[in-house]
Amino acid sequence: MASTSPSSHPVLRTAILYGFLTGALCIAWVLFLHLTDNNAYGPKRTLSDFFPPVAAVISQILLRRYYANGPGLGKSIGVGLLTTLVGASVAAVGLYTFSQLTGPAPIEQHLAEARQLLTNAQAFYLKQPNGRQQYEAALRDLARTPAAFAQDELFKKMIFGVLLSIPGGVFLRK
């Protein structure tokens with residue numbers, strides 16, 4: 001597999017570039033929600049969970065331009081996974097920084113809204129087997145600190161990114 005470009009490390013360069021762009025886009029989404037008086041920690045934030053998988057596939061497509069016969073399976077999957085890792089990490093650090101800068105008031109507002117939503121759904125929980133335990137676990141597992149929000153951000157973005165990077169790499173290897 002001969003390289004058609006003299007650039008060194010196209011996998012690493014592509015992944016870092018698109019990972020940072022994706023992380024910045026996720027941060028911009030949180031800032032947009034905050035500046036438009038929406039709950040930056042609420043359900044609308046989860047729309048940005050789809051940015052890293054899309055960026056992973058785009059990076060896999062764009063990596064193909066560096067190789068005459070395709071990048072191969074390892075490089076194709078690798079660029080997708082690395083793009084996801086970089087993007088999710090930048091987004092998590094950005095959310096942590098945002099949480100630290102805005103203080104506890106938005107987090108408390110989010111927790112009040114989340115508790116209200118869970119209280120409204122309590123009847124649904126109680127109809128299911130082990131519903132009481134599920135309801136209590138949902139209340140207990142709400143993120144309450146900037147670190148918990150950052151961990152949640154990293155985990156969700158990594159899961160979706162990995163799930164799409166692997167099949168994307170298989171189909172885009174040639």
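**Exercise 1.** Where is Asp49 found, relative to α1 (10–35) and α2 (51–63)? Then work out whether Asp49 is buried or exposed.

*Solution.* Keep in mind that we're working with a predicted model here.

- Step 1: go to the loop that links α1 (10–35) and α2 (51–63); Asp49 sits there.
- Step 2: check the relative accessible area, which for Asp49 is 4%. The cut-off for buried is under 20%, so Asp49 is buried.
- Step 3: look for contacts, skipping neighbours within four places in sequence. Asp49 then touches Lys156, Lys157 and Phe160.

**Exercise 2.** Do the same for Thr22: which helix holds Thr22, and which residues is Thr22 in contact with, neighbours within four places in sequence left aside?

*Solution.*

- Step 1: Thr22 belongs to helix α1.
- Step 2: its relative accessibility comes out at 7%, so Thr22 counts as buried too.
- Step 3: with neighbours within four places in sequence set aside, the contacts of Thr22 are Phe51, Pro52 and Ala55.

**Exercise 3.** Which residues does UniProt list for "transmembrane region", and what do those spans look like in the model?

*Solution.*

- Step 1: pull the record. The unreviewed UniProt entry gives residues 12–35 and 79–98.
- Step 2: take residues 12–35. The span is 100% helix and 0% strand, with 34 Å between its end C-alpha atoms.
- Step 3: take residues 79–98. Again you get 100% helix and 0% strand, and here the end C-alpha atoms lie 28 Å apart.

**Exercise 4.** Describe how α3 packs with α7: at roughly what angle do their axes cross?

*Solution.*

- Step 1: recall that a pair of packed helices is described by the angle and the distance between the axes.
- Step 2: for α3 (residues 73–102) and α7 (residues 146–171), the axes come within 8 Å and cross at roughly 165°.
- Step 3: angles over 145 degrees count as roughly antiparallel, so α3 is roughly antiparallel to α7.
- Step 4: sort the contact by residue class: 18 nonpolar, 10 polar and 2 charged.
- Step 5: add the handedness; the crossing of α3 with α7 is right-handed.

**Exercise 5.** Now try α4 and α6: which residues make the contact?

*Solution.*

- Step 1: the axes of α4 (residues 104–120) and α6 (residues 131–140) come within 10 Å, crossing at roughly 175°.
- Step 2: that makes this pair roughly antiparallel.
- Step 3: α4 brings Arg115, Leu118 and Thr119 to the contact, while α6 brings Tyr135, Ala138 and Leu139.
- Step 4: by class, that's 4 nonpolar, 1 polar and 1 charged.

Key: Residues numbered from 1 in each chain as written. Predicted model: local features only at pLDDT ≥ 70, side-chain atom pairs only at ≥ 80, totals over all residues. Heavy atoms only, no water. Helix = DSSP H or I, 4+ residues; strand = E, 2+ residues; numbered from the N terminus. Buried < 20%, exposed > 50% of the residue type's maximum accessible area, 1.4 Å probe, protein only. Contact = heavy atoms within 4.5 Å. UniProt positions renumbered as here; feature names shortened; annotations may be inferred. Axes fitted to C-alpha atoms, helices over the stretch in contact; angles between N-to-C directions. Parallel < 35°, antiparallel > 145°, perpendicular 65-115°, else oblique. Left-handed = near helix turned anticlockwise from the far one by under 90°. Nonpolar A, V, L, I, M, F, W, Y, C, P; charged D, E, K, R; others polar.
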